[in-house]
Each structure stands twice: as C-alpha cells, then as structure tokens.
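Trainee: I should like to request a close look at one part of this model, followed by an account of what surrounds it. Please state the criteria behind each term as you proceed.

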Amino acid sequence: MFDFLCKVKEHPHVTDDYMLIQLHAGKLAEQARPGQFVHIRIPGLEKTSLRRPFSIYNSEDGILSILYKAVGRGTEVMQSLQPDSELQVIGPLGNGFPLDGSGEPLLVAGGYGVAPLYFLATRLNRKGVLLVGGRTAEDILAIDKFKELGWRVVVATNDGSMGEKGFVTVPLLRELESCKAAGKEVEMFSCGPDAMLKAVGEMAIKSNSKAWLSLDKHMVCGVGACLACVQKLHKPDGSTWIGRVCSDGPIFEAGEIVW
Amino acid sequence: MSEVDLSVNLGGIKMNNPVTVASGTFGYGREYADLVDITQLGAVTVKGIRLEPWGGNDLPRHVEVPGGMVNAIGLQGPGVDGFVNEYMPFLLEKGVPVIVNIWGTSLEEYAEVAARLSDVEGICGLELNISCPNVKEGGNAFGTDPKTVAKLVASVRAATKLPLMPKLAPNVSDIKPFVRAAQESGADAISLINTIPAMVIDIESRTPVLSNKVGGLSGSAIHPVAVKLVWEAAQAATVPILAMGGIVAAEQAIEFMIAGATSVAVGTANFIDPSTSIAVINGIQDYLERHEMKSATELTGSIILNK
Ligand SMILES: Cc1cc2nc3c(=O)[nH]c(=O)nc-3n(C[C@H](O)[C@H](O)[C@H](O)COP(=O)(O)OP(=O)(O)OC[C@H]3O[C@@H](n4cnc5c(N)ncnc54)[C@H](O)[C@@H]3O)c2cc1C
Ligand SMILES: Cc1cc2nc3c(=O)[nH]c(=O)nc-3n(C[C@H](O)[C@H](O)[C@H](O)COP(=O)(O)O)c2cc1C
Ligand code: FES
C-alpha cells in the first residue's frame, strides 16, 4: 500500500458518460491485483474533502487506469483533470479476486462493475464468458476489450437497446445450465449493483458453485481504520462477524455475505 | 540536528513529541502502518473499546459535509480481550506508547475495562470516552453532568494506576466545572473535544442520512469551536490537556498549544491525508525554531491576551 502522487497520462472519454483516467502510478501499479481499488484525493475539491474509491480497471507498465462515470461532486470535478495534473492516490487496497481457482469463469458485470472484471480477465489463466448488463446500451462498456482477449461476451439491457432485453441474470442462468449439462464446473466473479450481486450470489449457492462478489460501500479511510464500510458476514462455524469492505473485502464469496 | 526539545509529559504519558492521533480515526495503528511511520508519533490512540465485542450502528455510518464529516460508527470494537490479543502485540513490537480509549454502559464496566488493561505491557494511558454522541447508553450519558463525571473518574481511578484522561463533551454550556470535576476526582489529564452532535437530512427523501439519525461532526469545521473550549478548559485545568478538533496542518496544532494544550491529536485529517500527523510534528518543530523557543512546553498556554 502506498500514498503515491500520480500524474495523469491521458484522460479520454470512452462514451458520453464514462471517462478513462490513466495514471503514472509506478510501484502502486506494479503491485495492483485484479479486484483491488485505489482511494483518490480529487484535486479541485476542497482540501477537507474525503477521498473517493475506484476499482482498478487496468495496470500495465506502471500505468494504472480507472473507468468512471460522473455521479456527483467529486467525479464531476475529476472529469476536468488534464494530462500532467497530479493527484494523491492510496493503493492498491483491498483483497482482490482469487486467481488460482478452477472451472469456467463467468464474469457478471453491471455498469462500472465491468472495470475490475476487465483487469481480472487480463490476469486470469483461463478464458470464459463476460455477461454484462445495464439499463441501456450507454451503460455497456469495454466489451470489445474483452473480445480482444478472447472472451465471449453476452449483453443484456433493460430497454433492449443492446443485446437481449432484461436482466443479465437471465443469460447467466442459461450459461449455468449449459455448463451443468456439459459437466463443467463454473466460478463466478461479479461486480455491480447490490441487487445484481445478491441475485448472482443466490444462483451460485443454488448451483453449488463459487461466486466472488465485489461490494460497493461508501468509504472514509479505505484502509480498515474507521469502520464506515462494514458488512455482516458468516463465519465457517455458522456464527457471524462484521467485516470491513475496504480491507477485509471488497471481494467476498457469496456464501459469506449476510444480505 | 535541532536543539528543540519536542518531548512532553501528558499527565504521566511520556511522549517524544506532542502529537498523537485521535481515537477512532487511526484504527489500532497497524491499519496505517504502511503509510505512516507510527514510531514517529508521540503516541498512538486506539479506537474506543469496552469489555466485550460491540457491533456498532447500521450503515450509513457517515456522511461528508462541508469542512468535515458527520459519523455515527457507534463504537464498534473487539472488546478488551480482542484488543489485547489481536492488536497489542503489533503496537508493542513497534514500541510506540499506546493510549487506549475506553467506554462502558456503567461505572462498573469502565472500572473493569481499566483494571483489565492496567497490567498490559505497552499501554501508557487511558482516555475515558464519556462524550461519544453515537451510543444510546454510555458515552455521552456520562459526560454531560459534572457530578457523574466525578463519580465515573473516581471509580476508574480506584481501579487503575495508569494515567487517566477523561475526554470531555463539547456540547455543554460551561466546560470548566467538568474540568474541575475530573481533576478533583483523580484525572491526570483532560482530553477534548469529541465530535459535536450533528444531523444531516436528505431533502429529496426527507429522511435522516445516518441510520442512527444523528451523529458527531468532526474535521476542519469544528476547529474554532475546539480552540475556544481548550482555551476555557485551560483556565480551570491544573492537569495537562490533549486537544483535538479539526487539525489539518501544524497551524491548528500550534493554535491549540498556544490556547493551553500540552499535546494534540490529529483526527479526521488522517482519512484525507495520512501523512498529516507527521507533517504536524515537523511543523511544530519548525515553528519552535523560528520563534527561538527551546521546547514544546514553552508553547503551551503562551497566548497573549492584552497586547
Ligand atoms: C470499491 C469501490 C470501487 C468503485 N469503483 C468504481 C469505478 O471503477 N468506477 C466508478 O465510476 N465508480 C466506482 N465506485 C464508485 C465511486 O466511488 C463513486 O462514484 C464516487 O465516490 C462518487 O463520488 P462523487 O463525489 O462524485 O459523488 P457524491 O455523491 O457527491 O459523493 C458523496 C460521498 O458519497 C460517496 N459515494 C457516492 N456514491 C458512491 C458509491 N457508489 N460508492 C462508494 N461511495 C460513494 C463519495 O465517495 C463521497 O464520500 C467504486 C466504489 C467502491 C466502494
Ligand atoms: C470516524 C470517527 C470515529 C471516532 N471514534 C471515536 C472513538 O471511538 N472514541 C472517541 O473518544 N472518539 C472518537 N472519535 C472522535 C475523535 O477522536 C475526535 O475527538 C474528533 O473527531 C475531533 O477531531 P477531528 O476534528 O480532528 O476529527 C471519532 C471520530 C471519527 C471521525
Ligand atoms: S472505509 Fe474505513 S474501515 Fe473501510
């Protein structure tokens, strides 16, 4: 974990809403693992503003990138950052996805949830399927990048403007069933809205497979010190405990989470 | 090397410099150990603990506001045994003085926590949290009446020889009776301020943002309030003061010391810039050199009222 002063390399729009910020992040980028995140102090906000957490979308040759959307004060100001401007970044933070599993990987993404899953796809030792959902075609990001890596991509949108119409859990169920019919084990990895994660988790538990879910909680410290981001979790012995999403997570196995 | 002596004695807590971190904003030290050389701190003050593990409040537990944040964590913690077994070994190995912030829901619980921590190697003092706005029982319930403060401090005093430092609530009409009650009952130092009771409402849904409905305001916004309270407390205090509230740089720490504080704690600023506490230590040293003072203690209470 470092608190690193990063310089912006490039900062293009990837869609009308989403921007990609690339940062010169040195050893922070080198140590980053899929599923981890960074905690950013946004220059331009008041100095007393809290940091904002963002998943690592990619890390290559010391360049760390983040795929994000403006949703409020901080991300709006962030959008105007120019190349060569500097920002303080703490990271890499959190536990990250396990990379040493087996079984057909099914990645299930909603919105910017595709970000950590892309980094995962670049580092997993096997290829599989990306299932990505959104409200409209505008919310479907980075699918060409997955295809370039040799992943199959299935899209679902609520309004049917891209891929099939409906929730992404519908094609997910289909994939699960076809894997089952073929006698293939699966391992799911998911990031997106809570309702989606919960549905993915339930399907995993029902089908006796593992699902690694990346939770999104509002954070203050990002390092496990303040207890603002907690989640109730099951222990193997059946009792429960209160974990910190920032430092015990953000990735938890579906069976651990007490919804 | 500079000749300036930064060391202070906070009611028996010997610190190499006047700077610690505020309880609840630095975990148990190790969470920040990759980012901050915690051995440089005058002391590490850990998150509040009670006898048994405690779960705290539901989410949301915090909200950002201009100049700071409002929190209602609700004193989640591992209890005495959890703290001693899981967290103390790391701090002991680092060799940094540890101040433990304690709370309970009865006088007996405070006393028992204090007794149980008394012989734990590495603990150099206890901060009694009698001012947390975020738990229904305990915390603030003990901090808003000087008679209760006196009783509480006396019963903890009887249970431990460790330096005792009650942490006073800011939301009282006059701080001085609380200072007197604490020191007359055996407190070795006074700490202030805790967060200021506060509330944020979401105007679209018309519901309180925090699940606990109310919380405590911390950060830059509360600094001038804290300076006034520290200055007033200093007028009644015969024991040293640990001051906190909105320190973001050395300037606010120096201001507290001029108002009468012996030591200072960096709180919310740790979340935004973890290097703040170290920058505060260096900034105090620079200030002392620039003003040709030989020791940090010279700064304490050096306020000039009639120019
Ligand atoms: C582990 C993690 C990874 C994330 N990865 C991404 C990503 O890759 N791309 C992306 O676009 N967004 C991501 N987010 C969400 C991102 O943190 C928020 O969009 C951002 O904090 C909003 O800040 P704001 O000032 O624009 O919004 P405001 O609503 O003005 O923020 C007010 C406060 O609420 C917090 N907040 C608001 N929305 C969220 C949210 N959804 N999650 C956490 N905190 C929030 C802010 O941090 C801030 O403290 C991630 C969140 C987490 C917890
Ligand atoms: C998230 C958070 C948790 C806190 N937890 C505690 C606690 O456990 N015990 C305590 O006495 N004070 C607690 N405090 C209060 C701080 O120690 C400090 O008194 C207060 O935040 C004012 O300082 P600041 O403005 O520098 O943050 C907490 C404050 C914050 C922001
Ligand atoms: S954000 Fe502070 S503990 Fe997770």
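Trainee: How many salt bridges does the rule find across the interface of domain 2 of chain A and domain 3 of chain A?

Mentor: The rule finds zero salt bridges across that interface, a salt bridge being a side-chain nitrogen of Lys or Arg within 4 Å of a carboxyl oxygen of Asp or Glu. The model is predicted, so local features need pLDDT of at least 70 and side-chain atom pairs count only at pLDDT 80 or more, while totals for chains, interfaces and linings use all residues; side-chain values use heavy atoms, with hydrogens and water left out. Residues are numbered from 1 along each chain as its sequence is written, and chains are lettered from A and ligands numbered from 1 in the order in which they are written.

Chain A is divided into domain 1 (2-93), domain 2 (97-214) and domain 3 (215-259), with bounds from an automatic or database domain assignment. The centres of domain 2 of chain A and domain 3 of chain A, taken over C-alpha atoms, are separated by 22 Å. Their contact (heavy atoms within 4.5 Å) takes 13 residues from domain 2 of chain A and 11 residues from domain 3 of chain A.

The size of an interface is often given as the accessible area lost when the parts come together. By that approach, domain 2 of chain A and domain 3 of chain A bury about 1100 Å² between them, 62% of it on carbon and sulfur atoms; buried area is the accessible area (1.4 Å probe) that two parts lose on being put together, summed over both. Asp194(A), Leu213(A) and Ser214(A) supply 42% of what domain 2 of chain A buries against domain 3 of chain A, more than any other three residues.

Although salt bridges number zero here, four residue pairs are in polar contact between domain 2 of chain A and domain 3 of chain A, both residues of a pair at pLDDT 80 or more. A polar contact is a pair of N or O atoms within 3.5 Å; within protein, one must be able to donate a hydrogen and the other to accept it, and residues adjacent in sequence count only if both atoms are side-chain atoms. On the side of domain 2 of chain A that touches domain 3 of chain A, the elements giving two or more residues are α6 (194-206) and β13 (210-214) of chain A. Helices (H or I, at least four residues) and strands (E, at least two) are DSSP runs, numbered from the N terminus. By class, that side of domain 2 of chain A has seven nonpolar, three polar and three charged residues; Ala, Val, Leu, Ile, Met, Phe, Trp, Tyr, Cys and Pro count as nonpolar, Asp, Glu, Lys and Arg as charged, and the others, Gly among them, as polar.

The interface between the chains can be described in the same terms. Here 28 residues of chain A are in contact with 22 residues of chain B. The area buried between chain A and chain B is about 2200 Å², with 61% from carbon and sulfur atoms. Thr48(A), Leu50(A) and Leu227(A) supply 26% of the area that chain A buries against chain B, more than any other three residues. Leu227(A) lies in the loop between β13 and β14 (230-234) of chain A, and its phi is near 70°, a positive value in a residue other than glycine. Most residues other than glycine have a negative phi, and most peptide bonds are trans. Between chain A and chain B the count is four salt bridges; one of them joins Arg73(A) to Glu64(B), with the closest N and O atoms 3.3 Å apart. Six residue pairs, both members at pLDDT 80 or more, are in polar contact between chain A and chain B.

Domain 3 of chain A, covering 215-259, also supplies neighbours of ligand 1. Of the 19 residues around ligand 1 (a heavy atom within 4 Å), those that come nearest are Arg52(A), Pro53(A), Gly74(A), Thr75(A) and Asp216(A). A side-chain N or O atom of Asp216(A) is 2.6 Å from a nitrogen atom of ligand 1, and one of His218(A) is 3.4 Å from an oxygen atom of ligand 1. The peptide bond from Gly249(A) to Pro250(A) is cis, with omega near 10°, and Pro250(A) lies in the loop between β15 and β16 (251-253) of chain A.
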